[in-house]
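This report looks at how two domains of one protein meet. The structure comes first, then the interface.

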Amino acid sequence: MERRFRTARAMVEALTPGYPVYCLRPHVLKRTAARFLELFPGRVLYAVKCNPHPAVLKGLYDAGIRHFDTASLPEIAQVRENFPDSGAYFMHPVKSRAQIHAAAKVYGVDTFVVDHMDELTKVLEQTEGSEGVTIMVRITTPKSEGVLYHLAAKFGAEAQEAAVMLREARSRGCQVGLAFHVGSQCLAPEAYEKALEICGQILDMAGTPIQYLDVGGGFPASYLGTANMPPLEAFMDVIDKGAKKLKLRRDCVLMCEPGRAMVAEAMSLVVQVHLRKGDRLYINDGVYGSFSEMVTAGIRLPAELIRLGGQPAKDLAPFVLNGPTCDSVDVLPGHFELPSDVREGDWIEIDRLGAYSFANATRFNGFYPETLVTVEDEPIGMRDKPIASAA
Ligand SMILES: *Cc1c(COP(=O)(O)O)cnc(C)c1O
């Protein structure tokens, strides 16, 4: 059971931690999940890889999320063992035969993604005798502007192949669907519109109806520099309209798989300053830990100083944050604006670290962020509003 505090500052007062501490905000998780559940015209799956912390999955489950996008047996086991009434979907397009077999026969998974005919054959052979297998054909979509990762670079079938797979799976008695992923942190709703048009072309070619249409993840989260990001409503609107144009069967289920947008705002990290050298601060987590996406995706994060005993200076100055490992790669890109008199022993709360932080952290050099508490206040940048009730 995680310890609960009102704010990150209250946590620091109680623990004076010399180690990094994640601050999970369950009320933010709940609020975001409720928005997806309310706005998305279909089934909302959470992409477990984005943040598989047990407290995060539990928080989402408590908020009403009952479907999980999983990509490995450990993820499937985690979902099925903790939430037996929830669905795990095997959304990785390349799986070993043993994984497919165990997913179907041990964990009762009935939905599998494929993007190649040989994978379809594998899934059909390994699930033989299982009832009601659903095959989702993952398609490739054009690279769109402004996404941080292009997820169709490695996976996804071309339209013609996809149509053939849909027909084959259908003829083998499976339910079928189409799936795509426009790329992570997608700032352009039109990317979903284009992908849905491609789905329409494939459906025309295949001449067979689908039971599922999965628009993937990719919805953006608010970081520094994303003030112009379209609201979730804009994405949902485009998806709703695009799907309606496809003249799907009335019982076709629309699905989405948000990772980042579901969790990014719900977790911050409190680090401590162990040494100051001019404008360089040495802190206890870095790019091999929670901050890898500052390098791989160029995200920029808001931060605030926490000092016990005395007020920090009012004027801000730019600082470079150095991570703890013994190499010069471990430096966070860019600058953080912090009070000019930051000193050893101060703490820094760095926010928007719910997505791809804990999940990506390595144990390099013996440093690993693993402590998590829950807090009740609003994330940095949203604190002018009254504290949301956790109800
Ligand atoms: C990573 C991934 C997601 C989640 O993507 P976000 O950009 O974090 O929303 C969803 N579906 C699949 C298949 C993925 O690989």
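Across the interface of domain 1 and domain 2, two salt bridges are found in this predicted model. Arg260 forms a salt bridge with Glu293. Their closest N and O atoms lie 2.8 Å apart. Polar contacts also cross the interface of domain 1 and domain 2, linking 10 residue pairs.

On the side of domain 1 that touches domain 2, the elements giving two or more residues are α11 (292–296) and β17 (371–374). The residues on that side of domain 1 divide into 17 nonpolar, four polar and seven charged.

Where do the two domains run along the chain? The domain assignment gives domain 1 as 4–23 + 264–390 and domain 2 as 26–262. The centres of domain 1 and domain 2, taken over C-alpha atoms, are separated by 32 Å.

How much area do domain 1 and domain 2 bury between them? The figure is about 2,200 Å², with 59% of it on carbon and sulfur atoms. Arg300, Tyr356 and Phe358 supply 24% of the area that domain 1 buries against domain 2. That is more than any other three residues supply.

The contact and bonding counts for this interface are set out below.

| Item | Value |
|---|---|
| Residues of domain 1 in contact with domain 2 | 28 residues |
| Residues of domain 2 in contact with domain 1 | 22 residues |
| Salt bridges across the interface of domain 1 and domain 2 | two salt bridges |
| Polar contacts across the interface of domain 1 and domain 2 | 10 residue pairs |

Conventions. Residues numbered from 1 in each chain as written. Predicted model: local features only at pLDDT ≥ 70, side-chain atom pairs only at ≥ 80, totals over all residues. Heavy atoms only, no water. Domains from an automatic or database assignment. Contact = heavy atoms within 4.5 Å. Buried area = accessible area lost by both parts, 1.4 Å probe. Salt bridge = Lys/Arg side-chain N within 4 Å of Asp/Glu carboxyl O. Polar contact = N/O pair within 3.5 Å; in protein donor to acceptor, adjacent residues only side chain to side chain. Helix = DSSP H or I, 4+ residues; strand = E, 2+ residues; numbered from the N terminus. Nonpolar A, V, L, I, M, F, W, Y, C, P; charged D, E, K, R; others polar.
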